[in-house]
Structure formats: C-alpha cells, structure tokens
Amino acid sequence: MDADEDVFGPALARATVHAQRWLAGAGDRRVPPRSSPAEAARAVAAPLPEGPTPADVVIDELAALAEPGLMTFASGRFFGWVVGGTQPAPLAADWLVSAWDQNVGMRAMSPGPAALEDVAGGWLLDLLGLPSGSDVGFVTGATSANLTCQAAARDRVLRAVGWDVEERGLAGGPHVRVLVGAERHVSVDLALRYLGLGVPEPVAVDDQGRIDPVALGAALAAGEGPTIVCLQAGNIHSGACDPMTGAVAAAHAHGAWVHVDGAFGLWAAASPALAPMTAGLAGADSWATDAHKTLNVPYDCGIAVVADPQPLRRAMGVHAAYLADFQEAADPVEKTPEMSRRARGLPVWAALRALGRSGVAELVDGLVAHARAIADGLAGIEGVQVLNDVVFTQVSVAFEDDERTRRVTARVLADGETWMSGSHWRDRDVLRVSVSNAATTDADVERAVAAVRRAAEAV
Ligand SMILES: *Cc1c(COP(=O)(O)O)cnc(C)c1O
C-alpha cells in the first residue's frame, strides 16, 4: 500500500453522503419502512462473496440494500415503542468513537476516553440527583443496566446472610426474593433470568401502573430472607413513576436492596418542573437508564448506576482478589458485564456538553409538552378516550371497543404519516404514543393527530 494513500477516505465520504441524505429527508419521509420484513429479507439475500470488493462500493451497496427496510426513527412523527432520536453532537461523537476504535475497558489502554466517560458519569449523577460517588457503568442498554445493577444487588443481599455468590454460586444457597410492580418492564424479568433469580413476585399497582407502597410493605412482611425490590421510573403505558419515597422506605425497613428501572423515566429528574414526580429516587441503591431513549444519543447506550461501588465491583470485576485491592478509580471493566468495549460514554459526554443542564431540562420538558398536545388533540377525536394521566412522555388511548382500536391502529400504520404502537394495557387494546425524539415539532404533532383522525373517520 502507498503510504500517502487515503485508505479510509473514499468509504467514509460515501458514508457521510448517505448519512446526510437520510437525515435531511427524515422530516418529510413516510415513517414506516418501504419493505416488510419478508420483502427486506428477499431483497438482500446473497451468497458469501468469493473475493474482495472496494470499501466505497460496499458502502453504496449497503445503503441501497438497507434503506428500503429502514424505519424513520429520526422522524418527528415517529412515536412507536420507546425509541429516542439522535442529536448532532452525540451522533458525530459516535462516529469518532468508531474511527478512534478505542477499547475503553481499561484506563491504561485508553486514558482520554476513560477519563471523559468518568466526567460524563459525574455529570449524570449531578443532573439526575443521584448520590455522588456512585459507580457509573456504560452498557448497551437498560436491559444490560438492569442486569448489572441486579448482579450487584444479588451480591449484597446474599453476602448479608453470609453467602458469597461470586465464590459459591447460587446452588444450595439461600433463596433470594425479588419483588416487582405488576407493570414492570419485561427486561427486568429477563435480567433476573440471566442471574438465576427466577420469576419475580408481582406487587399490586394503581390505575397508572404505580406500585402500591402499602401492598409492597405487606408483601415484604409476608416473607423473609435476602430480598431485592425493583421499582420503576416511567411506565411504558402511562409514563408514571412509582412513589419512590414510600416504596424505598418500605423496602429498606425490611433490609431489601432497591433497584429502579428508569430506562426513559429517570430523566424526569433532570427537569425542575418534573422532578417532584421522582422525589425520593436518590434513596434507592441502584438505577438503570438509557441514554439512547430520552437523552437522544445513538443506539447502544445504557447506563448502570450503583450507589455503593463494592458490590458492583465484586459482581462485575475481573480481579478475584478485588476486595484487598479496592481502588477509587476502578477500570471501566469493573463496572459492566463487557470486557472489551467501545467508548459508548463519549456520545453521552457530547450530548451533555452540547445541551448543558438547562438544555436537558428543555429537551425533557419539550417531549412532555408534545405528549400533552397529542393527548389533547386525540381527545378531540370522536370516540377516543385517553386512558392515562399524561404526566410524562407516554399517551395511551382507546376507541369505543378493542376491535375498533385495532382497526384504527392498523389504518394509522398503513397511512404512514406517523407511527404509533398498538399495545394492550389494563385489559384493553390501546394505541400508544411515546414522544421520545427531540426532533418532534408542533407541526409534527398536528400532522400526527390529523393522521389518527383520518384513520378514525375511515374505519
Ligand atoms: C426500553 C426499556 C427497557 C429496556 O431497555 P433497552 O435499552 O431496550 O435494553 C427497560 N425498561 C423500560 C421501562 C424501558 O422502556
């Protein structure tokens, strides 16, 4: 190879062209993919190439093959599942993370990015009002963050009864009780399954899906032994946050570890207007959240926060003799399930650097304002009932009966002007709106409401 040759330039230039074109067109494009999953699979099927192809040609081909099957998550009228958009600074930072290709598992391998991730972690604790000195691990998403935090919880609650789970495993050990709100996210159960903790015990919730602290206290009193309680900040159907103060007090009165799944709802704590909803949050022992949802950084970015670093590092650390060697500035590898990993904390740093404290509050408040506007707009459509108190980014509505809700939902999705999820909540089929993208504008809200009105009039 010629030393002067720009090896990466042609492919990166093509990637830039495709990326800019995709993003620039997002506002006006139909939201759903042009191809169905089956069509997409047929269109891209190909045998393994027998030999090499130039990188820029590969990138052009990739864009051509993938684009018909892309959902426009970047659209301000995409309200499906709970999927954030992305902003310029974190997206560009994510490109640099790939170009630098650092392995940030150990400080000595990549001191600059590791230090910047520490800064991002400190900023997050400050912003969300979590205890300073907590360990922050940058993981792939909230599922992995739930796993990471619950592994620390498992260590601590078993150690408290004299059982070293890292050394002895679970077999033959004391049973660990796990109590959850009846409307916890499925990923909480998934993480418990990975950890060998089985299916959790559901506790009654109110009409917004919030755990009932009195029922939690009664459930705790009805059993004994090592116990983990998983609370929730941000119910996917109502956006509601569990009553933290009462629930944390009930759990701690029984010596339980309190974990909070706040994949998207933890960010209410970053808004002075919304923070009262999360009062008492800081009293928990661990918190899981996503940066790739409410904060609007690119995908592959979850955050695990554990107040006491010791159980986390015992659970995730690589040094068997860790306890003898506890260091303040642990290597990142001590705080996450991964060993080698990309510097996924840098897009978080870039997002927080670009927005600042006031910018994050405005981002979150803006999502909530748009959710309220959508709820108001939908409530004006004949036959629509808004089922939740719109306290955050989520809106769940139903039509006269399940059959009609399903037909309107199908019609909305076929129309393509907007995308919302069909779901099931409190024994009813619902049309669910999640406002998670900073790109959403007032005009997007109007167009989305008009699309639902059109669908309702047509079926
Ligand atoms: C999305 C979500 C999760 C899972 O997060 P991933 O980033 O998909 O792993 C967990 N809990 C809640 C409440 C969520 O909304």
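Arginine 406 and glutamate 403 both sit in helix H13 (residues 402-415), three residues apart, which is about one turn of the helix. In this predicted model, the two side chains form a salt bridge, with the closest N and O atoms 3.3 Å apart. Arginine 406 is partly exposed, because its relative accessible area of 45% falls between the limits for buried and exposed. Glutamate 403 is also partly exposed, at a relative accessible area of 41%.

**Salt bridges across the chain**

The count of salt bridges comes to 23. Arginine 314 and aspartate 155 form one of them, with the closest N and O atoms 2.7 Å apart. This pair links distant parts of the chain: arginine 314 belongs to helix H11 (residues 309-316) and aspartate 155 to helix H6 (residues 142-159), and they are 159 residues apart. Arginine 314 has a relative accessible area of 17%, so it is buried. Aspartate 155 is buried too, with a relative accessible area of 1%.

Arginine 314 and aspartate 155 also take part in a network of salt bridges, whose other members are Arg159, Asp164 and Glu166.

Another salt bridge joins the side chains of arginine 177 and glutamate 201, at 3.0 Å from N to O. Here too distant parts of the chain are linked, with arginine 177 in strand S3 (residues 177-181), glutamate 201 in strand S4 (residues 201-203), and their positions 24 residues apart. Arginine 177 counts as buried because its relative accessibility is 7%, whereas glutamate 201, at 31%, counts as partly exposed.

The three pairs described above are set out below.

| Pair | N to O distance | Relative accessible area |
|---|---|---|
| Arginine 314 and aspartate 155 | 2.7 Å | arginine 314: 17%; aspartate 155: 1% |
| Arginine 177 and glutamate 201 | 3.0 Å | arginine 177: 7%; glutamate 201: 31% |
| Arginine 406 and glutamate 403 | 3.3 Å | arginine 406: 45%; glutamate 403: 41% |

**Nonpolar cores**

The largest nonpolar core has 75 residues. The residues with the most contacts inside this core are Leu216, Leu231, Val260, Trp267, Leu295, Val348 and Leu378. Helix H12 supplies the largest share of the core, twelve residues. Apart from this core lies another, of 27 residues, which includes Val139, Ala151, Leu195 and Leu197.

Leucine 295 can be followed through its contacts. Leaving aside neighbours within four places in sequence, leucine 295 is in contact with Gln87, Trp267, Val348, Ala351, Leu352, Leu355, Val360 and Leu363.

One of these partners, leucine 352, lies in helix H12 (residues 345-379). Leucine 352 is buried, because a relative accessible area of 8% is under the 20% limit. Not counting residues up to four places away in sequence, leucine 352 touches Ala120, Trp123, Leu124, Leu127, Leu295 and Val360. The C-alpha atom of leucine 352 is separated by 35 Å from that of proline 200, which is 152 residues away along the chain.

**The loop between S7 and S8**

Lysine 293 is found in the loop between S7 and S8. An unreviewed UniProt entry places the feature "modified residue: N6-(pyridoxal phosphate)lysine" at Lys293. In the model, lysine 293 has a relative accessible area of 13%, so it is buried. Its contacts, not counting residues up to four places away in sequence, are with Val82, Gly84, Ala263, Phe264 and Ser436.

Asparagine 296 lies in the loop between strand S7 (286-290) and strand S8 (302-306). Its phi is near 60°, a positive value in a residue other than glycine. Most residues other than glycine have a negative phi. Asparagine 296 counts as buried because its relative accessibility is 0%.

**A second positive phi**

Aspartate 427 is not a glycine either, yet has a positive phi of about 65°. Aspartate 427 is found in the loop between strand S11 (419-425) and strand S12 (428-434). Is aspartate 427 buried or exposed? At 71% relative accessibility, aspartate 427 is over the 50% limit and therefore counts as exposed. Of the two residues with a positive phi described here, asparagine 296 is thus buried and aspartate 427 exposed.

Conventions: Residues numbered from 1 in each chain as written. Predicted model: local features only at pLDDT ≥ 70, side-chain atom pairs only at ≥ 80, totals over all residues. Heavy atoms only, no water. Helix = DSSP H or I, 4+ residues; strand = E, 2+ residues; numbered from the N terminus. Buried < 20%, exposed > 50% of the residue type's maximum accessible area, 1.4 Å probe, protein only. Salt bridge = Lys/Arg side-chain N within 4 Å of Asp/Glu carboxyl O. Contact = heavy atoms within 4.5 Å. Core = buried A, V, L, I, M, F, W, Y, C linked by side-chain atoms within 4.5 Å. UniProt positions renumbered as here; feature names shortened; annotations may be inferred.
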